[in-house]
Amino acid sequence: MAGDVLAALRAAAGERDAVRPAGAGDTVAGAPARYRAAPGSTEAAAAVLRVAAAHDLAVVAAGGWTKQDWANPPRRLDLVVDTRRLTGVVEHAAGDLIVVVRAGTRLGDLRAKLAPAGQQLALDAPPLAGGAGATVGGAVAVNTSGPRRMRYGTVRDLLIGITVVRPDGVVAHAGGKVVKNVAGYDLGKLYTGSYGTLGLITECAFRLHPLPAASGYVRRPVDGAGEVGHLLAAVLGAQLVPSALEVHAPPAGGVEVAVLIEGTPSGVRERVAATRRLLGAAATASDTPPPWWSAYPWRMGDVGLKLTAGLSGVPGLLTAAREAGRRHGVPVRVGGSAGTGVLYAGLPGAAWPDAVAGIVADLREATTAAGGHAVVLTAPAPVRDRVDLWGPVGGLELMHRVKAQFDPDARFAPGRFVGGI
């Protein structure tokens, strides 16, 4: 039976080497797969998924393998569909600031491709250890965003068109190649942040932005979370138009705020000088970012959380994270976008799973009070066994109905997403 399935997958992919038995490294959050396929086109991917549907194979998509330890392990896993051969730019309409790109393309490679035209996909991909770089499809699947979401928006804002293969192997398209496209249902927004539970993304169309001619960073150490709130209000009220306003709060010691200014060389010089005056004598300016910029505050094997709040709730959230760490005896490091109310927290978890569970509970209470949520993005198994990674989420019944409509047999990333979806 296994040989028949392997042969059918190879025939569907059109190349024998595109499908093989899974190896020791083909695991998703610790769950091992049986087969691994790397189709070279949307059509080949559709054929592979038709075979998977015929044999009731549970499927997980993989791109750069930078976030396969995020979310819950799949309840079952038969086939990993690797997008490493679905790469390259399909179309770059520079005059229209539009690019269509295959889902397996690394964000770094796309950046290099667009730079000669003076353009960019304004999407920051925080670096992660152990991966060669996030892919376009993976960034859409988990709704990646970094510091510059403050100015340019998130993946959901930049994505204007998408091509997907449904779990039954049918290819579907949505959106288009114009920025203002309102025809039909916005399938791209539905797939963004769905963690691969609705189908396989094979192509994406994005709106682009011009590359800034210059950029500058202004940094300022602060005494505590309360001062972060004052500086945040001052920067946002001063019409400086920052591209990012980040905060870095290690487990002990001081907190640091950093502001990114982008634009023309003369405009950046003037706005950096104005920002330094606004932040006070302790502020310094540089052409390069702080070493902690755009990096998740955890290492491989640690616990990583995403914390959201209204802007006024950011100082309280910083304080709550530090106090929760002290209360439970576990160091908590926090960083992220103070300018948008999206923070990340990292802490070691394998040795203190019960303490970590207590910290997660405390931070969920704090984020709820601040009008946001706390989600555990990644955690070792002892922690996953003790906490609900997603926590309470509104609209869960609707999400289950959407899942049943797109994947009635629950074969795509089963159990990975919120509510066991």
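1. The lining of the largest pocket in this predicted model draws on several elements. Helix 7 (187-191), strand 18 (303-308), helix 11 (353-369), strand 21 (374-378) and helix 13 (396-406) each supply at least two residues. Helix 13 gives the largest share, 4 residues.

2. How many residues line the largest pocket, and which lie nearest its centre? The lining has 38 residues, and G193, V375, W390, V393 and F417 are the ones nearest the centre. The space in this pocket comes to about 820 Å³. Rolling a probe the size of a water molecule over the atoms is what shows where such empty space is left.

3. Strand 18, one of the elements in the pocket lining, is largely enclosed by the rest of the structure, because 5 of its 6 residues are buried. Strand 18 pairs with strand 20 (residues 342-347) through 6 bridges, and the two run antiparallel. Within that pairing, V303 has L347 of strand 20 as its bridge partner.

4. Strand 18 also pairs with strand 21, again in the antiparallel sense, over 4 bridges. Here K306 is matched with V375 of strand 21. V375 is also one of the residues nearest the centre of the largest pocket, which ties this strand pair to point 2.

5. The segment after helix 13 contains A413. Is A413 buried or exposed? A413 counts as buried, because its relative accessibility is 1% and the cut-off for buried is under 20%. A413 and G196 are 217 residues apart in sequence, yet their C-alpha atoms are 6.2 Å apart in space. Setting aside neighbours within four places in sequence, A413 is in contact with V59, V60, Y195, G196, T197 and I421.

6. The structure also has enclosed space: 2 cavities of 30 Å³ or more are present. The largest cavity holds about 370 Å³ and is lined by 26 residues. Nearest its centre lie A61, G63, Q68, G138 and A141. The elements giving two or more residues to this lining are strand 5 (59-62), helix 4 and strand 12 (200-207). Helix 4 supplies the largest share, 5 residues.

7. Where is S145 found? S145 is in the loop between helix 4 (136-142) and helix 5 (149-152). With a relative accessible area of 5%, S145 is buried. Its side chain makes a polar contact of 2.8 Å with the side chain of R149. Apart from neighbours within four places in sequence, S145 is in contact with L123, D124, P126, T154 and Y344. Y344 falls within strand 20, which spans residues 342-347.

8. In what order do the strands of the open sheet lie? The sheet has 5 strands in the order 7-8-12-10-11, with antiparallel pairing. Its edge strands are strand 7 (89-93) and strand 11 (171-175), and each of these pairs on one side only. From one strand to the next, the twist averages 10 degrees. Strand 12 belongs to this sheet and also contributes to the lining of the largest cavity.

9. One pairing at the end of that order is between strand 10 (residues 159-165) and strand 11, which are antiparallel over 5 bridges. Within the pairing, G161 stands opposite G175 of strand 11. In a regular strand the side chains alternate between the two faces of the sheet.

Definitions and conventions
Residues are numbered from 1 along each chain as its sequence is written. This is a predicted model: local features need pLDDT of at least 70, side-chain atom pairs count only at pLDDT 80 or more; totals for chains, interfaces and linings use all residues. Side-chain values use heavy atoms; hydrogens and water are left out. Buried means under 20% relative accessible area, exposed over 50%, partly exposed in between (1.4 Å probe, protein chains only). A polar contact is a pair of N or O atoms within 3.5 Å; within protein, one must be able to donate a hydrogen and the other to accept it, and residues adjacent in sequence count only if both atoms are side-chain atoms. Contact means heavy atoms within 4.5 Å. Two strands pair if DSSP finds at least two bridges between them. Axes are lines fitted to C-alpha atoms, for helices over the stretch in contact, and angles run from 0 to 180 degrees between N-to-C directions. On a 1 Å grid over the protein atoms alone, a cavity is a set of points where a 1.4 Å probe fits but cannot get out, and a pocket is an open set with protein on both sides within 12 Å along at least five of seven lines; lining residues have an atom within 4 Å of a point. Grid points are joined across faces, edges and corners, and a volume is the space filled by probe spheres set on the points.
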